Amino acid sequence: MFDSLSDRLGGVFDRLRGRGALTEADVRAAMREVRVALLEADVALPVARAFVDEVTEEAVGQNVLRSVTPGQQVIKIVNDALVRMLGGDDPAAAELQLNVAPPAVVMMVGLQGSGKTTTTAKIAKRLSSSSMTGRSAKKVLMASLDVNRPAAQEQLATLGTQVEVATLPIVAGQQPVEIARRALQAAKLQGFDVLMLDTAGRLHVDQALMDEMKAVAEVAKPQEILLVVDSLTGQDAVNVAQNFSEQVPLTGVVLTRMDGDARGGAALSMRAVTGKPIKFAGVGEKLDALEAFHASRVAGRILGMGDVVSLVERAAESIQQEDAERMATRLAKGQFDMNDLRGQLAQMKRMGGLGALAGMLPGMKKAQAAMDSVPGSDKMLVHLDAMIGSMTAKERAKPELINAKRKIRIAKGSGTTVQEVNKLLKMHLEMSTAMKKIKKMGGLKGMMAMLGKGGLGGLGSAIGGADMGDMMGKLGGPGGGPGLPGLPGGGLPGNIPGGLPPGFRFKK
């Protein structure tokens, strides 16, 4: 979503980094380009103007111009201003305030087609699943108050079945206020922790919509009123949010289709215009594709510094506990066959594929762009899985059995070429060799000990030689760039706005 803005800002900052010293004219020229980039990204004009003025005032100060790395200082200032513009780095702001006597009522409002019903089901699934929130699971009831759109109530009931969340039985002919009363009574009697009300939308903001919402709010007395806005509507999304915030006491905003090709201006302007925090971002059509919105993480993605924290959280949500335990046992023995490789590929697929992972790693923006430019790169994981699926059970367990004739059969069965099968076998061989080296180092404990002594660089050298050690050292070793969370010399990407060291390039 932020790709075009990220590319424009990346070009501006590359030029700043390349200069040894900065003059005030250099900074002002760069800020003019930043302003143009923001306006092209559909950021509201008053918001873009205030942002650039604030950054310029701070960036032309003596501390920046006399700094040892003035380019990096300017980037840090821009990063901090972006975080403030997106709502500040307060983790509590992204959470729903549900610490009240049950049932806590969450009311969803917005225009028709913005994704309210699907988002209602996504939030309900998130609340009812302890693995996604890290807190105890809540008992959730969903109720549809949309009597205007055909089959809207049936749609929520179907989604409720899919996410295993209870929905209020449909009674034909009931009006929204009556449904809200019945839902509240049912939630109290049946001991539900959270009641989610999916209200009706319109094609545009009108008084009938506002009156209906106010009447429902008076009856239900919701703790949270969330405005669902489609990111793809661009500048008009900001106008819709402003109209709703003037009529209804909103507590937060949910942006849908953040994985689309919108220019990102709606997200950047929303907090400044409404004064309400962005709580969640929809990042896909699947019912688990919903992320808590964290200003510092989004700013890190925009400035190409990655978002390792969200990557780790996504891995924790998608990982299968049994598979992880099985993999740990085999790793301790130095074993790694095609079934293990297939499990790792499936894990990457569940986390969004290679492109999604690359976009979250610091310094990988150019690598992601290179992947996107190669035709069929998004199908790479599918092809690898097809090749492994075309092998027999014996071949998956013992890849060394695969000779020339077997390679031809596997290639034909998976719709690929023998060369691609060879690449897969080479990949497996390298990973298998790495596993054996990890076993020689003393398994996971030995690997952790090596991380303590030499950081990622020492570990990379031990597993894959000097080249891998050099690359991994730059990614996360002591003094070697932003690092990974919880590792020596690491820290989080958002803490070091400069990104990777100047001059760092991935080897082709």
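Is Arg84 buried, partly exposed or exposed, and at what relative accessibility? Arg84 counts as partly exposed, at 43% relative accessibility. I start there since Arg84 belongs to one of the salt bridges I want to go through. Please keep in mind that this is a predicted model.

The structure holds six salt bridges. I will cover some of them.

Take the partner of Arg84. Glu54 and Arg84 form a salt bridge, and their closest N and O atoms are 2.4 Å apart. Glu54 sits in helix H3, residues 45-59, and Arg84 in helix H5, residues 70-85, so this pair ties together parts that are 30 residues apart in sequence. Glu54 is also partly exposed, with 32% relative accessibility.

Next, a pair on strands. The side chains of Glu224 and Lys279 meet in a salt bridge, at 3.3 Å from N to O. Strand E5, residues 224-230, carries Glu224, and strand E7, residues 278-282, carries Lys279, so the parts tied together here are 55 residues apart in sequence. Are these two residues buried or exposed? Glu224 is buried, and Lys279 is buried as well.

A word on annotation around there. According to UniProt, in an unreviewed entry, residues 277-290 are covered by "domain: SRP54-type proteins GTP-binding". In the model, that span is 0% helix and 43% strand. The C-alpha atoms at the ends of residues 277-290 lie 16 Å apart.

Now the third pair. Arg409 forms a salt bridge with Glu395, with 2.7 Å between the closest N and O atoms. Arg409 lies in helix H21, residues 404-414, whereas Glu395 lies in helix H20, residues 393-397, so the bridge ties together parts 14 residues apart in sequence. As for accessibility, Glu395 is buried, with a relative accessible area of 0%. Arg409 is partly exposed, its relative accessible area being 36%.

Which residues are linked with Glu395 in a network of salt bridges? They are Arg406 and Arg409.

Last, the rings. How many aromatic pairs does the structure hold? The count is zero. There is, however, a charge over a ring: Lys139 lies over the face of Phe192, at 4.7 Å from the ring centre.

To recap the three pairs: Glu54 with Arg84, Glu224 with Lys279, and Arg409 with Glu395. Glu224 and Lys279 are both buried, Arg84 is partly exposed, and Glu395 is buried while belonging to a network with Arg406 and Arg409.

How values were computed:
Residues numbered from 1 in each chain as written. Predicted model: local features only at pLDDT ≥ 70, side-chain atom pairs only at ≥ 80, totals over all residues. Heavy atoms only, no water. Phe/Tyr/Trp six-rings, centres within 6.5 Å; stacked < 30°, edge-to-face > 60°. Lys NZ or Arg CZ within 6 Å of the ring centre and 35° of its normal. Salt bridge = Lys/Arg side-chain N within 4 Å of Asp/Glu carboxyl O. Helix = DSSP H or I, 4+ residues; strand = E, 2+ residues; numbered from the N terminus. Buried < 20%, exposed > 50% of the residue type's maximum accessible area, 1.4 Å probe, protein only. UniProt positions renumbered as here; feature names shortened; annotations may be inferred.
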